[in-house]
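Could you walk me through how to read this structure, one feature at a time? I am new to it and would like the general idea first.

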Amino acid sequence: MSTETKNVNPGSAPDPGVFKRFYGVIPAGGVGTRLWPLSRAAAPKFLHDLTGSGSTLIRATYDRLKELSEDRVMVVTGQLHRAAVLAQLPEIQQENLVLESEPKDSAAAIGLAAAILYQRDPSIIMGSFAADQVITPVEVFQETVREAIHTAAQGYIVTIGIHPTHPSTGFGYIRAGEALDIAGAPSAHAVVEFVEKPSEDTARTYLRSGNYSWNAGMFVAPVALMLKHLQANEPDLHAGIMEIAEAWDTPNRREVVLRVWPTLPKTAIDYAVAEPAAAAGDVAMIPGIFSWDDVGDFAAIGRLNPAEQNSELTVMGEGARVYSEDASGIVVSDTKRVIALIGIEDVVIVDTPDALLVTTKDHAQAVKKAVEHLKASGDTDVL
């Protein structure tokens with residue numbers, strides 16, 4: 001399998017034709033257990049409007065990319081979500097909807113997309129952007145991706161690093177190295193390493209140094225280079241997705257997918273590709289100087305949906321019936337039940353027809369534990 005090599009020509013003009021090789025990929029997986037009971041297996045968070053914009057997260061992701069890739073957008077999601085995704089993205093081409101029979105983590109999802117695109121055109125540059133992130137302003141994001149495309153065209157796997165606003169212990173970090181001289185990408189830097197979620201003290205050290213960015217899992221890369229590193233680090237996974245990809249646009253697709261997909265190992269794209277590629281000097285970073293949120297819990301929804309003037313309570317839900325007195329926090333209602341809050345601070349209430357969540361913003365990350373308990377106790381009807 002051929003791959004691109006670095007071909008940096010200092011001072012040369014960027015190639016505008018490179019954008020015709022760009023293909024957007026949207027991995028739409030994960031249940032979003034910290035947003036239960038709003039987000040569930042049958043209706044995960046990317047299918048919801050969590051920002052009050054009138055657009056679901058996956059629709060907003062698609063709209064951000066189509067300015068860059070036109071109709072060259074591929075979505076990788078679960079078979080269970082096929083109808084919902086098609087309803088929200090009616091213009092997507094059937095050949096670009098990749099359905100997983102069961103979740104296999106990000107390396108298999110992104111790797112399969114890369115392999116299918118490679119079979120169609122080995123010169124494609126793919127950009128992988130999760131379906132459940134909130135990004136503004138869109139124009140700044142798009143200009144950042146354009147820099148990433150120019151950098152990828154020179155033989156790099158490119159990650160977009162998010163400027164850290166606080167010492168978060170919930171994200172992995174990227175350590176930037178020397179600046180790269182790439183036409184069309186003035187902010188490109190080499191990546192020294194990816195580091196795991198740190199302690200708070202370590203995170204503060206990262207922020208003070210100015211050399212670290214949050215890892216948002218955004219990757220732009222030549223598909224050939226992505227597959228080269230996957231083959232080197234996860235040969236069984238690589239062999240499986242290549243077998244599926246070779247059959248994808250043929251009548252044998254269903255038989256091959258049903259036989260091979262369940263056998264693929266589960267691993268994250270960071271471990272399978274990004275980290276070893278960085279160690280080999282094949283990863284670059286473009287800093288993302290835009291607002292980014294992965295909507296990880298209900299506290300995030302509160303940030304993204306500020307309370308109305310003269311109120312400290314954010315209320316979401318069509319026709320929600322909420323009375324509050326000296327109360328603050330967030331209420332998400334999917335019922336017509338009256339919810340009265342009196343003298344309670346930073347509360348999180350999510351009311352659905354078959355499940356009620358009551359917690360606080362400080363404990364919003366712990367919602368995942370409730371989901372795990374329900375699963376263990378067999379109460380899967382509400383998951």
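Q: How many residues does the hairpin use to join E16 to E17?
A: Strands of a sheet pair through backbone hydrogen bonds, either parallel or antiparallel. Here a hairpin joins E16 to E17 through 2 residues. Strands (E, at least two residues) and helices (H or I, at least four) are DSSP runs, numbered from the N terminus. Keep in mind that this is a predicted model: local features need pLDDT of at least 70, side-chain atom pairs count only at pLDDT 80 or more, and totals for chains, interfaces and linings use all residues. Residues are numbered from 1 along each chain as its sequence is written, and side-chain values use heavy atoms, with hydrogens and water left out.

Q: Do E16 and E17 run parallel or antiparallel?
A: Two strands pair if DSSP finds at least two bridges between them. Strand E16 (residues 347-352) and E17 run antiparallel, joined by 6 bridges. Thr352 stands opposite Ala355 in E17.

Q: Which side chains of E17 are buried?
A: Buried means under 20% relative accessible area, exposed over 50%, and partly exposed in between, with a 1.4 Å probe and protein chains only. The side chains of E17 alternate: Ala355, Leu357 and Thr359 point to one face and are buried, while Leu356, Val358 and Thr360 point to the other and are not.

Q: In what order do the strands of the sheet lie?
A: The order is E12-E14-E16-E17, an open sheet of 4 strands with mixed pairing. Its edge strands, E12 (313-316) and E17 (355-360), each pair on one side only. From one strand to the next, the twist averages 5°. E12 and strand E14 (residues 329-333) run parallel, with 4 bridges joining them. Met316 stands opposite Val332 in E14.

Q: Now to a helix: why does the span of H1 agree with what is expected?
A: The expected span of a helix is 1.5 Å times one less than its number of residues. Helix H1 (residues 57-69) has 13 residues, so it should span 18 Å, and its end C-alpha atoms are 18 Å apart, which agrees. After H1 comes Glu70, whose phi is positive, near 55°.

Q: Which residues of H1 are buried, and what covers them?
A: An α-helix has 3.6 residues a turn, so residues three or four places apart point the same way. The buried residues of H1 include Leu57, Ile58, Tyr62, Leu65 and Leu68. Among the elements that cover the buried residues of H1 are strand E1 (22-28), strand E2 (73-78) and helix H4 (138-152).

Q: At what angle do H1 and H4 pack?
A: Axes are lines fitted to C-alpha atoms, for helices over the stretch in contact, and angles run from 0 to 180 degrees between N-to-C directions. H1 and H4 pack at about 45°, with their axes 10 Å apart. That makes H1 oblique to H4 (angles under 35 degrees count as roughly parallel, over 145 as roughly antiparallel, 65 to 115 as roughly perpendicular and the rest as oblique). Residues in contact (heavy atoms within 4.5 Å) include Leu65 and Leu68 of H1 and Phe141 and Val145 of H4.

Q: Where is Pro262 placed?
A: Pro262 sits in the loop between helix H8 (253-260) and helix H9 (269-279). Pro262 is partly exposed, with a relative accessible area of 37%. Leaving aside neighbours within four places in sequence, Pro262 is in contact with Glu102, Lys104 and Val257.
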